[in-house]
Amino acid sequence: MRSLLCLCLFVSLIHAEAGNNGMLLIADGVGTPCPLERTDITVSISGPIARVDLVQVFRNPLEVPAEAVYTYPLSDRGAVDRFALRAGERLIRGVVLEKQQAQERYDAAIAAGATAAILRQNRPNVFTQHIGNIPPQGSIEVRVGYTEMLRCEAGTWRFHVPTVVGPRYQSPSAQNQAPGPAAPNPNPAVITAGNAGHQLNFTLDLTSPVPHRDLHFPNYAEQATITALSPSHSRIEVRNVVPDRDLTCDWTSHAATPAAGALVHQGDDGQYLALSIEPPEWRAVMVERVPTDWVLLLDISGSMSGAPHQQALDAITALIAAMDPSTDQVQLTCFTGSASNLFEAPVPATPEHTQLVQQAAHDRKGGGGGTEMLKGFRAALSNPAKANRRRVVILLSDGYIGSEDAVHRLVAESANDNSTFIGLGIGSSVNRHLFTGIAELGNGLSRVLTPGESAATALNGLLPQITAPFLTDVHINWGTVKVDQLARALPTSIYPGAPMHCIASLTDLADGAISLNATDPNGTVLTIPVQLHSGHHPSLSSAWARDRITELGNAELRNELSRTDTDAAILEIALKHQLLSRVTSFVAVDVNQLPEELRIRMQRLDVPVNLPHGMTIPGAAKGPAEANAEMGAAGAFMAIGAGGGAGGAFGNITGGGRKRAVAKYGESKASESAVSADLRFFQRHQSPDGRWDVDAYPIQCNLPGLKCEPGTARTGIDGDILTTAEVTLCYLGSGYDHRMPNKYRKVVQAALDWLSAQQGTNGAFSTALDSHCLATQALAEAYAMTNEPRCKPIVEAAVQHLLAMKVAAGAGAAWGQEGALDVELTLQAVLALKSAKAGGLVIGTGLRDVRSWLEQATIAPADQSEALLIACFVGLRTGDAAYDRLSQAVLPQLNAQGAIADDDPKGPKLRWHSDINDTLALNLALFYHQDALPWKAWNTVFRDLLTNAQVAGKECFDGSWDPALAPEGSELRAMGRLLISARSAQALEVYYHYMPKHQGK
């Protein structure tokens, strides 16, 4: 069981899109320069249509080809319909393909030495872009464009362009809330102080059909130049600013009576109509309000600390001022890592109660903990809505979560005639996708309060808008116009100041007249004519498709469509209209290719981003671990088994997840310190070429005093490969890779470089299969953690060699020699394949072959514990004959024998069976099956005994374990201190490497 506990970093697919394991990465601001020099944004607004174009300029500062990776936001309402790559004088226009096909085309282009770019959607407002094979010292332009239909709310037109992705809290409790694959993690690397290194230029031309007034541009007001070119044409310009907040602007246009108009487009791409109905301002409408229960759902997590919390308090004051104390009731629900209600149930909104609400909201200041928004919503909904009252839940938050779909689904399930949801975003770079979805699925509306904006002014009329409909029984009389399909279903009520929008595809316009029929507050049936404005508006095609895709996603969240049906419908629309979506990507490939000698040396360069303006992350200054804990980073997860039963397991190696695992499963401060000391021991003994040398390692330590003893077995290259891989896995298992800024980055990089250099032309690292398996596992896990392009071909070749070494056995295959298959080698091969699979690499039928072999193999008693673990890793679980057969043979034995000898007169000691590997196997088996086995009693003794056995304060030896812990005469003992120290550390890392999913849970 030579590397059983090296299963340390089977990362989930959430890392693959963002390239950061789902963690909030705190960049150190030093090292490789940022590859993104600047972004130029040009906006043209004509009437209700905005066309937005971004030009991103990337420069490769290296002497080798580079891949720039950039995660950035676009509007949550935008239809991304343009993508191009400029290389020199060549402009390469991108095409939209199904997501996997686009990735394959990009990968093939990179392998062929061509410059290429791919743009993928992580969320409707967050995207990740890869630009590969940027020539050494060369520059590339990437052009992205989208179309957005603007909306007028309460007489004010609002428009924004987001510039930075705020760090998103990844809730463990929401990981599996929604069906289908998890959305890719949106978190890029973050610079917490100073400038990330790229600048922003912005130009907006606003042309309106009638004169506009009160044009505001608040977030960059001091840097902006606003020019009135005519009463109906204005220009806003901003130059060389730091992209750390939304570019927002608004202007006014009031309607005294309901007004309806429509843009009509007829072209080769079809016929489309965009209808807008703008009701009058709420102040002009006298309507009777329904008695309402107001539930104020306040985010008090760390990202809301400081100015955002104060603005939330101002908003609460403004909302309370609009409540009717004679009929309305109020509740305050606060959430961070947990959630609580101020009152057992909503109470009358009297001055006494509202004062308690304001004081409680003030006292519960943001400043720590994660953002468990689902818990907040569940607490807010814990009191059922009453039949004769309306319940309105108002979320006050920056929206920095990664589980939007789970929140949207809960809102969709809870919204009805008596329950409405309002999203009130607070901050300079709010996650608007969250709030827009809450409004659409919750029969409500959303608003964003930017820093410094008056809450009282921004929220004026908000409550009447949602509680007092101005028009009811709304429907459209299409006359002779033949409608093919509405992008969205029409609402049946329109509220004061909240317009209705509708885009339809037509089969025949027929020059007909369209009217809106509705009932006003006095019961009068109105017929409102719709003014048609025909012209050339090709953007309506993209806008219709974007709205239709959004509506399909909402239908899925309302459980009206399955995930499969939704994806199929979205794919058809996105391909027809060439739009980016959750199932399609843009890809652009240059025809020119790099020289042959440069094609395998591409270096990945991530674009770091600034924290949103006004945001702080408590703990960020202390380092990544503390900041990850604050943001609730999910860390790197292992998909070891198939899920369910004892075989499924997940692990967490960093941040808050690691701390939770440590606390839950029995780690101690002493054992955590022991792992840290061991890593320092390894660092002192690394050779200049990056390896850990079995017999020559002692001379590397420059501490005074006696040196460690050299190993005496496997002192050749295959032993060094095995030992170097084992030690490297210890660093990876503790969350230290070669890409994320950390204190061991150079150590890990040197080790990986040395291992890579040992690979032969046939893909093998060593003629010794165990050494090859471990080296493959180490490189595969490094690739899975970082998506480092240079690792990919190395791991792919290693996997192919490993698969070629399979030995056929019945209907399956395993590793060893024909007629004498080796269970331990097979387990090592499975670990390597699982690591490669976690990185998204192709592993053929290797795991299926092992499963088939195991289902019919007769396993010797001495090998049954390893075979049981193989069963877990290849997806067998309770109910499968092979799993049941092995578990029934192994588990009672483990439960009976234990591994602690307490009959020694000097006190309990470890019972090291045949060698330390068997003891580590026992440790993992007990951990997996701790519901049925005495894990707590075993761990308390084992953990402390192993920790106490570590050498401390002995100069060169400090942080290591004595080889004498292994049985006399064993190979492990002869290989020496490096190897036994690596495996001892792995035993102490089990708590955050594995999170078992037990039967029935």
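Two strands count as paired if DSSP finds at least two bridges between them. The legends below describe close-up views of a predicted model.

**View 1. Strand 22 and strand 23 are antiparallel neighbours.** Strand 23 covers residues 339-341 and is joined to strand 22 by 3 bridges. The connection between strand 22 and strand 23 is a hairpin of 3 residues. Across this pairing, F335 lies opposite A339 of strand 23.

**View 2. Strand 22 runs parallel to strand 21.** Strand 21 spans residues 292-299, and 7 bridges link this strand to strand 22. One of the paired positions is D299, whose bridge partner in strand 22 is F335.

**View 3. Strand 21, helix 3 and strand 22 form a β-α-β unit.** Helix 3 consists of residues 307-321. The unit made by strand 21, helix 3 and strand 22 is right-handed.

**View 4. Strand 24 pairs with strand 22 in the antiparallel sense.** Strand 24 comprises residues 347-348, and its pairing with strand 22 extends over 2 bridges. Here V330 has V347 of strand 24 as its bridge partner.

**View 5. Strand 22 is covered on both faces.** On one side, Q329, Q331, T333 and F335 are buried. On the other side, V330, L332 and C334 are buried as well. Buried here means under 20% relative accessible area. Strand 22 spans residues 329-335, and 7 of its 7 residues are buried, so the strand is largely enclosed by the rest of the structure.

Definitions and conventions: Residues are numbered from 1 along each chain as its sequence is written. This is a predicted model: local features need pLDDT of at least 70, side-chain atom pairs count only at pLDDT 80 or more; totals for chains, interfaces and linings use all residues. Side-chain values use heavy atoms; hydrogens and water are left out. Buried means under 20% relative accessible area, exposed over 50%, partly exposed in between (1.4 Å probe, protein chains only). Helices (H or I, at least four residues) and strands (E, at least two) are DSSP runs, numbered from the N terminus. A crossover is right-handed if, with the strands pointing away from the viewer, the path from the first strand over the helix to the second runs clockwise.
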